[in-house]
Amino acid sequence: MENQIQIENYKIQKPESWTESISDQELINKIRESEFSRKQVDEGRDYCYFLDKKYYTSNTENNEYVCLAYTLNEPGNLERASVSDVVVEENEVYHIHRISVLRDGVLVDKIADTNIKVLDSENQSSGGILSSNKKINITIRDLRLYDILILEDSRVKAFTERDFLRKEFSKHVWVSPDNYWAYGSFKFTFINDRDQTIAYKKTFFRDEEGNVLKPEISYLKKGEKFIIKEENYINPVDASREIFPYIDFATDSSWKDLSNYIAPIYEEIFHRSSLQELAPSLVEKLDAIADPEEKLQFAIEYVQNNIYYIFNANEMNGHKPQEPSKTYETKQGDCKAKSVLLKVILDYLGIDSSIVLVNFHTDFYIKYYLPSLLSFNHVIVKINHKGEEYFVDATIRDEFGLLENRGFIYFMHYLEVKPNSELQERRSYTYSYYCIDEKVEFNAKDTTGKLKLTTLYKGNRANAMRRFFKNTNKREIVDSWNNFLFYSLNYSGDRNGTDVRNVFKDASIDIVSDDKKLNEFKIQYHANVENPYFVDPQKNRFLMYFDRNVIKASARDFIHKDLLFWHNFDSEKYEISLHTDQKIDTDEKYTVQESTISNPYFEYTSRKKVTKNGATVSIDYKPLVNLEIPGRDFEAFREAHHQVADSNFGLGIDIIEPGLMNMLKFSFKKKFK
């Protein structure tokens with residue numbers, strides 16, 4: 001063993017007595033070939049002889065124990081086993097109990113062949129993120145193909161004073177094992193050694209026909225265990241269409257009890273000092289702004305842009321909010337600190353607001369989880385203003401606009417930090433404006449086309465486009481538009497492989513205006529196009545412009561048995577005009593085709609105006625967003641999007657070639673079409 005001096009991030013020691021660790025001989029006895037194991041190996045599947053997981057929780061620590069033995073029959077598995085990383089949180093220690101291989105029937109201890117390094121976890125070291133995580137890098141020498149690797153370890157998280165929530169409340173989610181592996185024996189044990197009762201809820205388990213069973217809730221008192229065990233097991237879940245069965249363990253409580261627990265903690269922080277006392281210079285700036293709406297905008301943007309966001313995920317649920325006086329003084333804080341400061345400022349302005357707890361990453365699951373404060377990993381601010389609800393993330397930067405024009409945050413579930421609060425569902429939303437309002441003008445004359453796009457972005461789109469133009473090289477921006485237009489004009493169909501810079505000559509893009517109150521960002525693109533017509537194999541010419549962004553492929557392709565489709569598309573408006581100095585077919589089906597699509601979740605219209613030398617289509621798309629499409633409505637919703645994709649997302653015009661023979665050919669084609 002090269003690392004003789006053990007440090008606090010890992011230890012090499014025997015497991016705790018509650019793990020019921022087995023002896024070497026018992027271990028060898030458990031690694032036996034069987035008809036099931038031979039079948040898996042013959043089919044080229046990796047095989048785990050046994051996997052024994054235990055989760056132990058008390059009022060002083062959490063401990064996750066694992067003992068397993070698996071084959072190294074594949075080179076990829078051998079590589080991953082030879083060098084691996086374990087990331088530990090602050091005050092978490094990685095305990096190594098056993099590293100061995102069974103080779104030709106002989107158990108070989110590999111601790112002596114193991115090199116361990118402790119590194120900073122650099123994958124979370126980007127700007128604004130403070131990580132006290134450490135990465136335990138483990139290298140095992142002389143592992144060989146067809147070895148059976150045995151690992152026994154545990155991760156111990158001892159609670160400090162800052163971990164007041166973890167001391168008071170427990171939460172652990174067990175997810176059924178990876179369906180890549182076959183298991184000779186699989187066992188999971190949850191051990192409750194806390195004073196409080198822990199509830200557990202089995203969710204998305206299935207019967208023999210694959211139907212989802214009704215969730216089951218049971219309880220564990222202090223000293224009680226939950227055990228789930230399978231023999232000769234391959235997880236049958238269809239990973240692409242089904243949610244893995246899981247069990248949610250949480251300290252038995254209600255949402256109302258939890259809100260009553262957390263609300264006084266925040267309330268005390270709010271009233272430690274007034275804004276006049278902690279930030280007199282900020283008060284002066286606020287008082288100098290006459291317009292109340294601009295004053296509100298200034299308050300939000302001050303916290304977003306002037307208070308540096310420091311993030312430590314391990315501490316999100318680990319300590320009380322930082323006092324606003326400290327946040328203002330140091331000009332930095334996490335999501336709790338920034339949100340609390342914003343609320344204190346809003347209180348000074350007389351604006352009704354509250355702190356809310358959210359988890360954007362697991363938002364779908366919160367309605368299935370047991371009530372727990374540890375289900376949330378982020379804090380934002382809810383503002384009630386002029387009869388409307390707004391949600392502001394104080395950690396976002398470079399966001400602009402009066403309150404009603406700011407970016408919209410998509411999520412459904414939240415817990416308001418107020419006494420007697422219940423878990424709430426955010427209402428669905430209809431945009432009062434177009435997130436994208438674009439006008440396309442393409443005029444073809446002789447062998448050249450003049451192309452102009454004028455686009456107005458608003459809300460989230462304005463913020464995103466503003467950042468894109470700020471952080472991206474101008475040439476890259478022009479190329480991205482060129483590439484998009486190469487497909488929209490269908491040039492990929494007759495000149496694929498051509499350098500787009502040779503197609504779009506003198507291309508340029510400019511910012512026309514940037515209104516930070518209305519949060520509107522307007523740009524204009526210009527280019528000259530050589531050979532503007534798409535030419536099919538029969539030498540027929542067309543002018544075409546189909547914006548594939550209008551087609552919502554995620555809605556058309558969605559297939560899942562358990563998840564509901566999350567509807568979060570932007571409102572859009574387009575006016576596309578194509579004109580030429582050639583005569584066009586004014587009766588062509590797709591040139592004149594219009595659409596009116598109306599269902600509970602979006603309104604979509606396309607209207608055409610056709611002349612002898614061109615046509616214009618106006619497209620209007622208004623979705624109802626921030627909701628899940630119920631299963632009973634989804635097929636009609638999908639079919640409506642298929643209808644959009646049926647040539648209703650742009651415009652195409654057919655050129656009637658000059659000459660008597662071409663006119664006769666065209667007349668003949670129309671007659672027998």
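## Close-up views of a predicted model

**View 1. A cross-strand pair joins two neighbouring strands.** V440 stands opposite L453 in strand 25. The model shown here, and in every view that follows, is a predicted one. Strand 24 (residues 436–445) and strand 25 (residues 448–458) run antiparallel and are paired over ten bridges. Take a look at the turn as well: two residues separate the strands of this hairpin, and D446 in the turn has a positive phi of about 55 degrees.

**View 2. Strand 25 also pairs with strand 27.** Here we stay with L453, which stands opposite Y525 in strand 27. Strand 25 and strand 27 (residues 520–530) are antiparallel, with eleven bridges joining them. L453 therefore makes a handy landmark for both views, with V440 opposite in one pairing and Y525 opposite in the other.

**View 3. Four strands make an open antiparallel sheet.** The strand order is 10-15-12-13, and the pairing is antiparallel. Strand 10 (171–175) and strand 13 (216–220) are the edge strands, each pairing on one side only. From one strand to the next, the twist averages 20 degrees. At the strand 10 edge, five bridges connect strand 10 with strand 15 (residues 246–251), and these two run antiparallel. To find your place in this pairing, start at V173, whose bridge partner in strand 15 is D248.

**View 4. Helix 5 packs obliquely on helix 11.** Helix 5 (residues 255–270) and helix 11 (residues 335–349) pack with their axes 10 Å apart, at an angle of about 60 degrees. The two helices are therefore oblique to each other, and helix 5 passes helix 11 in a right-handed crossing. On the helix 5 side, the meeting residues are Y266, I269 and F270; on the helix 11 side, they are K336, V340, K343 and V344. Sorted by class, this contact has five nonpolar residues, two charged ones and no polar ones.

**View 5. A lysine is buried in strand 19.** K382 lies in strand 19 (residues 378–385). Its relative accessibility is 4%, so K382 counts as buried. Which residues surround K382, leaving aside neighbours within four places in sequence? K382 is in contact with D352, S353, S354 and V356, with E389, Y390 and F391, and with Y414, E416 and Q424. One further distance to look for in this view: the C-alpha atoms of K382 and D393 are 8.9 Å apart, with the two residues eleven apart along the chain.

Conventions: Residues numbered from 1 in each chain as written. Predicted model: local features only at pLDDT ≥ 70, side-chain atom pairs only at ≥ 80, totals over all residues. Heavy atoms only, no water. Axes fitted to C-alpha atoms, helices over the stretch in contact; angles between N-to-C directions. Parallel < 35°, antiparallel > 145°, perpendicular 65-115°, else oblique. Left-handed = near helix turned anticlockwise from the far one by under 90°. Contact = heavy atoms within 4.5 Å. Nonpolar A, V, L, I, M, F, W, Y, C, P; charged D, E, K, R; others polar. Pairing = 2+ DSSP bridges. Buried < 20%, exposed > 50% of the residue type's maximum accessible area, 1.4 Å probe, protein only.
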